[in-house]
Amino acid sequence: MSLLLWGQVLFSQQTSAFEFKESTWDFGRIKEDGGVVSHTFEFVNKGTKPMVIETVFTSCGCTGTKYSKEPVMPGGKGSITVVFSPLDRPGSFDKELVISSDKGNSVSELRVMGFVVAKPRKARENYPYPFGNGLRLDNNIVYFNFVGQGTVVTRSVGYVNRSKKTVTLAVEISDSNSVYALYAPRTVMAGDSGVINIRCDLSRREVWGPLRARVRFVVDGFTSDESLLLSGIGTDNFPANILSAGVPLPKAVVSPLYYDFGTVVPAVANKKKIVVRNDGDTPLTVRAVKTGDGVKCDLQAGTVIKPRKSIEIEVQATFPAGQRGKVLTAYIVFNDPRRPMHEIRLLGTASSGK
């Protein structure tokens, strides 16, 4: 694949035909057992043609949406209702939604946030996730969020042995980046509980973008069917108060973040131009580009985009035969503290070839 020339292009791209009255909503403090909460985002079609909401991607299964599939005429109004279920999700939350129309050429982003006040729990409810032979954990996902280069971040997960005997414990980590380490006891007595500490270590080498690993527990020699997911994002080591300090910053905008190729020929590359724009006041630097299976991207790490300028890149997606609605992904990591990583999603259905 030939590389594009990195000439700066004019700052004139519009990312969405939909103009929302607001793009974020804070639910504040809500009760875990208080039932689902919702908020309706209203918008106006500022484009020149009828637009249909085709797809809404959410960052979590706990977040749902309700919207009309009918076309919204130019100048017409529409709405999207976002529904959040707080059950079994105590603590703070911050969820992103990506609204796509016009085959991904028009993309809008919404965000909902808040804090879930935990309900009183019985002892068994404190450890709802079974991992075999009496071992139970208080969570099956551990989020590390943004992990700065050169830093070490520690999280923990609670455990209990519900069996009537002492069990041996070992862990198996599937971690392609080799950044995670778990500190678990070798034996757990009947009825005992405690915490397993987990470290994400970027102090020795740079790792940018998704930091994902799966942990399986070996309890009394038997490997659990369930796994513990570890998730983080390797970023710059941003100062804690950088967003409130009032200093000039870069701001990355990637459009479209979603594109539907429709029905495609299997094993043939499908190409799409993507605009990467710097809406900020200081240079925007690409730290890394990570692509999943079947995806190529000609954007290079180290590329710098001047303030109020943009560049055009090309992504290629090759879909396997017989998989309907397959989503392929590419990740771009920037020196933007507001949103260090952008995920590009490419959808396609390859024919069976018969």
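In this predicted model, Arg339 pairs with Glu96 in a salt bridge whose closest N and O atoms lie 3.0 Å apart. The two partners come from distant parts of the chain, 243 residues apart: Arg339 sits in the loop between strand 27 and strand 28, and Glu96 belongs to strand 7 (residues 91–101). Both Arg339 and Glu96 are buried. The structure holds 12 salt bridges. Another of these joins Arg345 to Glu343, with the closest N and O atoms 3.3 Å apart. Here Arg345 is buried, at a relative accessible area of 15%, whereas Glu343 is partly exposed, at 23%. Through shared partners, salt bridges also tie Asp94, Glu96, Glu109, Arg111 and Arg339 into one network.

Arg339 and Glu109 turn up again at the second largest pocket, which has a volume of about 590 Å³. Its lining comprises 23 residues, and those closest to the centre are Ser23, Ser108, Glu109, Lys251 and Arg339. Strand 8 (106–117) gives the largest share of this lining, 5 residues, and strand 20 (252–255) supplies at least two. By type, the lining divides into 9 charged, 7 polar and 7 nonpolar residues.

Turning to the nonpolar interior, the largest core has 31 residues, with Ile313, Phe334, Ile344 and Leu346 making the most contacts inside it. Strands that each supply at least two residues of this core include strand 20, strand 27 (326–334) and strand 28 (341–350). Beyond its neighbours within four places in sequence, Ile344 is in contact with residues including Val254, Ile274, Leu328 and Ile332. Apart from this core lies another, of 27 residues, among them Phe131, Val153, Ile198 and Leu202.

Notes
Residues are numbered from 1 along each chain as its sequence is written. This is a predicted model: local features need pLDDT of at least 70, side-chain atom pairs count only at pLDDT 80 or more; totals for chains, interfaces and linings use all residues. Side-chain values use heavy atoms; hydrogens and water are left out. On a 1 Å grid over the protein atoms alone, a cavity is a set of points where a 1.4 Å probe fits but cannot get out, and a pocket is an open set with protein on both sides within 12 Å along at least five of seven lines; lining residues have an atom within 4 Å of a point. Grid points are joined across faces, edges and corners, and a volume is the space filled by probe spheres set on the points. Helices (H or I, at least four residues) and strands (E, at least two) are DSSP runs, numbered from the N terminus. Ala, Val, Leu, Ile, Met, Phe, Trp, Tyr, Cys and Pro count as nonpolar, Asp, Glu, Lys and Arg as charged, and the others, Gly among them, as polar. A nonpolar core is a set of buried Ala, Val, Leu, Ile, Met, Phe, Trp, Tyr and Cys residues joined through side-chain atoms within 4.5 Å. Buried means under 20% relative accessible area, exposed over 50%, partly exposed in between (1.4 Å probe, protein chains only). Contact means heavy atoms within 4.5 Å. A salt bridge is a side-chain nitrogen of Lys or Arg within 4 Å of a carboxyl oxygen of Asp or Glu.
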